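Subject: the structure you asked for

Hi,

Here is the structure, ready for you to open. Have a look first, and then read on for what I found in it.

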Amino acid sequence: MNFKITKQWTKKFLLMIISVMLMGFCVSLLVLTDMGTDPCSAMNYGVSAKIGMSFGTYQLLLNIVLLVFVFIFDRSLIGTGTIGNMVLVGYTADFFSKNVWNGLFHIPASLPLGTRIGILIPALIVFVTAAACYMNSGCGMAPYDAVPFIINAKLEHALNKQNLFKFVRFIFDFCAMLIGIITKGEAGLITALMVISLGPAVACVGELFKKRGFLS
């Protein structure tokens, strides 16, 4: 295996690192809105609180478990982006929530509706944009994102059908949201909307960036 650190690889790697850190930053902002986060984070916030573990640590441990599944069934989905997402999203969210929003600015747990909406809109835009950049960087996927691809491939082969991914991803995210609701995690209206629209939104932004040469 001849691996070379080229200018193009460095560009994509830096794009991936910045993207996953921005995703963690936006997750911490979405928590402030009390309207829900993405399905994976909503689930992990709930479970981690139940077992007394930090969000970042639990998210890392869960992704390690899922990584074993990905390694067995399709290791081509693993790359530097896999590790970057596993580590940086959760711990970046923890850093901003605990050290910046609570520790430095002492932002109260309950904010006025206008303030929450003012935080929500830009946080959602940046989160979707960052997710599109990370998923299209070519550096690999987070285990949570890779598992639906693997399930979809197996299902399409077994049923001899195509174009099932949107359905598989919807069910996967819906189950994560349900766990978030049951465990009283950061699940809310935004979580439900993301279950329906996050995949298509990320794909749309990714295609737009590719056409403009931003991700090439």
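One cut-off before anything else: a residue is called buried when its relative accessible area is under 20%. Keep in mind that this is a predicted model.

With that cut-off, Asn63 is an easy call: its relative accessible area is 2%, so Asn63 is buried. You'll find Asn63 in helix H3, which covers residues 55–73. What does Asn63 touch once its neighbours within four places in sequence are left aside? The contacts are Met86, Pro143 and Tyr144.

Two of those partners, Pro143 and Tyr144, also turn up where H3 meets helix H6. H6 runs over residues 143–159, and the two helices pack at an angle of about 35° with their axes 9 Å apart. The crossing of H3 past H6 is left-handed. On the H3 side the contact is made by Asn63, Leu66, Leu67, Phe69, Val70 and Phe73, while H6 brings Pro143, Tyr144, Ala146, Val147, Ile150 and Lys154. Sorted by class, that contact has ten nonpolar residues, one polar and one charged.

There are further residues in H3 to click on. Gln59 is in this helix, and it comes out as buried because its relative accessible area is 2%. Leaving out residues up to four places away in sequence, Gln59 touches Cys40, Ser41, Asn44, Val89 and Gly90.

Gly56 sits in H3 as well. Its relative accessibility is 0%, so Gly56 counts as buried. Beyond its neighbours within four places in sequence, Gly56 is in contact with Gly90, Tyr91 and Asp94. Gly90 is thus on the list for Gly56 and on the one for Gln59. Another pair to look at is Gly56 and Leu88: they are 32 residues apart along the chain, and their C-alpha atoms are separated by 8.1 Å.

Now for a residue outside the helices. Thr37 lies in the loop between helix H1 (7–33) and helix H2 (39–51). Is Thr37 buried or exposed? Its relative accessibility is 0%, so Thr37 counts as buried. Not counting residues up to four places away in sequence, Thr37 touches Val27, Leu30, Val31, Ala42, Glu186, Ile190, Thr191 and Met194. As for Cys133, 96 residues from Thr37 along the chain, the C-alpha atoms of the two are separated by 19 Å.

Stepping back to the whole protein: it has eight helices and zero strands, so to speak α-α-α-α-α-α-α-α from the N terminus on. The radius of gyration is 17 Å, close to the 17 Å that the globule rule gives for 216 residues, so the protein is as compact as a globular protein of that length. Along its principal axes, the C-alpha trace spans about 50 × 40 × 30 Å.

A few overall numbers to finish. Of the 216 residues, 45% count as buried. Among contacts with a separation of 6 or more, 76% come from residues 24 or more positions apart. The accessible surface comes to about 11600 Å², and 70% of it belongs to carbon and sulfur atoms.

Cheers

Terms used
Residues numbered from 1 in each chain as written. Predicted model: local features only at pLDDT ≥ 70, side-chain atom pairs only at ≥ 80, totals over all residues. Heavy atoms only, no water. Helix = DSSP H or I, 4+ residues; strand = E, 2+ residues; numbered from the N terminus. Buried < 20%, exposed > 50% of the residue type's maximum accessible area, 1.4 Å probe, protein only. Contact = heavy atoms within 4.5 Å. Axes fitted to C-alpha atoms, helices over the stretch in contact; angles between N-to-C directions. Left-handed = near helix turned anticlockwise from the far one by under 90°. Nonpolar A, V, L, I, M, F, W, Y, C, P; charged D, E, K, R; others polar. Rg over C-alpha atoms; globule rule 2.2 N^0.38 Å. Areas by Shrake-Rupley, 256 points an atom, 1.4 Å probe, with all protein chains shown as cover.
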